[in-house]
Amino acid sequence: MTETTNSPAARLQQLFEGHRLTPTQRRIAHCMVRRAADVAFLSSVELAELAGVSQPSVTRFAVALGFDGYPALRRHLREVAPAEPVADSGKDAFNEYQQAVHAEIENLRHLAEMLADPGPVEQAGRLLAASRPLPVLGLRAASSQARGFAYFAAKVHPDVRLLDEGGTMLADRIDAARRAGASALVCFALPRHPKEVVEALAYARESGLTVVTVADSAFAPVAAHSDLLIPAAVGTGLAFDTACAPMLLGRVLLESMCDGLPDAQARLEEFDARAAERGLFVE
């Protein structure tokens, strides 16, 4: 999924499309998209530091895109994605915890800009609503995202199957869902990307399932095995990544899926009535 076609980030993604990038190069590309507003003003050393790679890696990345070197790429960026340098917001005055929060706010702002084009999310909602059953995949770091999505989806969807454990049974469970009539699978994929998830998505597509993926980047390893990938960046300022934007995107997908389920509201009302009868929640 891309952003609004006229945005600097969208033009950057178009520049990267069609190129086979290494994991390191995908990391650089992801960093550039996140910093689309000022990347054309960054030196190769600054970009390398932001992306967590070496300066020679940035140079090789530029060459892989067909440029003579990073200076040529930067000149091109100033032509295709012009933007003013971002003014100093005084971020050095914030401690590391505050900086992590501000980074997540920026990720959410980026997600809001992307959702200006609701088409991909609406398409994903229709695919998920039509799948009976609906397998929801998420391993390791993404297991909590998958579990949260599956918990709420089960309130409106008649058959949700959570796939949050790997191992040799994973392919069997995908097979079972397909035999039961599943037409789509939704996957939450976050760094570090388990090899098992990539293999599971490849197997799901081979089995005839349409794969909808929420990932941290359009350049994530799972992109090659997804029919529809919707990116939402993670925060990397703390020892462990933060995933506010992917979680919110999951809720947006749930909303879109509800729009494709005519009895969603009735199911929610039925659940609320039964919960009240059982005294399930404390008011």
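Visitor: Which cut-off of relative accessible area makes a residue buried, and what is the relative accessible area of Q145 in this predicted model?

Guide: Buried means under 20% relative accessible area. Q145 sits in helix α8, which covers residues 143-153. Q145 falls under that cut-off and is therefore buried, its relative accessible area being 12%.

Visitor: Which backbone atom does the side chain of Q145 reach?

Guide: Leaving aside neighbours within four places in sequence, the contacts of Q145 are F188, L190, A243, P246 and M247. For one of these, M247, a side-chain approach to the backbone is found at 3.4 Å. The atom reached is the backbone nitrogen of M247.

Visitor: Is R140 buried or exposed?

Guide: R140 belongs to the loop between β1 and α8. Exposed means over 50% relative accessible area. With a value of 71%, R140 is therefore exposed.

Visitor: What is the phi of R140?

Guide: R140 is not a glycine, yet its phi is positive. The residue with this backbone angle is in the loop between β1 and α8. The phi of R140 is about 50°.

Visitor: Which residue is joined to P133 by a cis peptide bond?

Guide: P133 is located in the loop between α7 (119-130) and β1 (134-137). The cis bond has an omega of about 0°. The residue joined to P133 is R132.

Visitor: What is omega for the peptide bond from P191 to R192?

Guide: R192 is found in the loop between β3 (184-189) and α10 (195-206). The bond that leads to R192 from P191 is cis. Its omega is near -10°.

Visitor: Why is the chain described as compact as a globular protein of its length, and what is its radius of gyration?

Guide: The chain's secondary structure consists of 12 helices and five strands. For 283 residues the globule rule gives 19 Å, and the chain comes close to that, so it is as compact as a globular protein of that length. The radius of gyration is 20 Å.

Visitor: What share of the contacts with a separation of 6 or more comes from residues 24 or more positions apart?

Guide: Taken along the principal axes, the C-alpha atoms fill a box of roughly 65 × 45 × 35 Å. Of the 283 residues in the chain, 43% are buried. Among contacts with a separation of 6 or more, the share from residues 24 or more positions apart is 68%.

Visitor: How far apart are the mean positions of the positive and negative charges?

Guide: The chain exposes about 14700 Å², of which carbon and sulfur atoms supply 52%. It carries 28 positive and 35 negative charges. The mean positions of the two sets are separated by 5 Å.

Terms used:
Residues numbered from 1 in each chain as written. Predicted model: local features only at pLDDT ≥ 70, side-chain atom pairs only at ≥ 80, totals over all residues. Heavy atoms only, no water. Helix = DSSP H or I, 4+ residues; strand = E, 2+ residues; numbered from the N terminus. Rg over C-alpha atoms; globule rule 2.2 N^0.38 Å. Buried < 20%, exposed > 50% of the residue type's maximum accessible area, 1.4 Å probe, protein only. Contact = heavy atoms within 4.5 Å. Areas by Shrake-Rupley, 256 points an atom, 1.4 Å probe, with all protein chains shown as cover. Lys, Arg positive; Asp, Glu negative; His and termini not counted. Charge placed at Lys NZ, Arg CZ, Asp CG, Glu CD. Polar contact = N/O pair within 3.5 Å; in protein donor to acceptor, adjacent residues only side chain to side chain.
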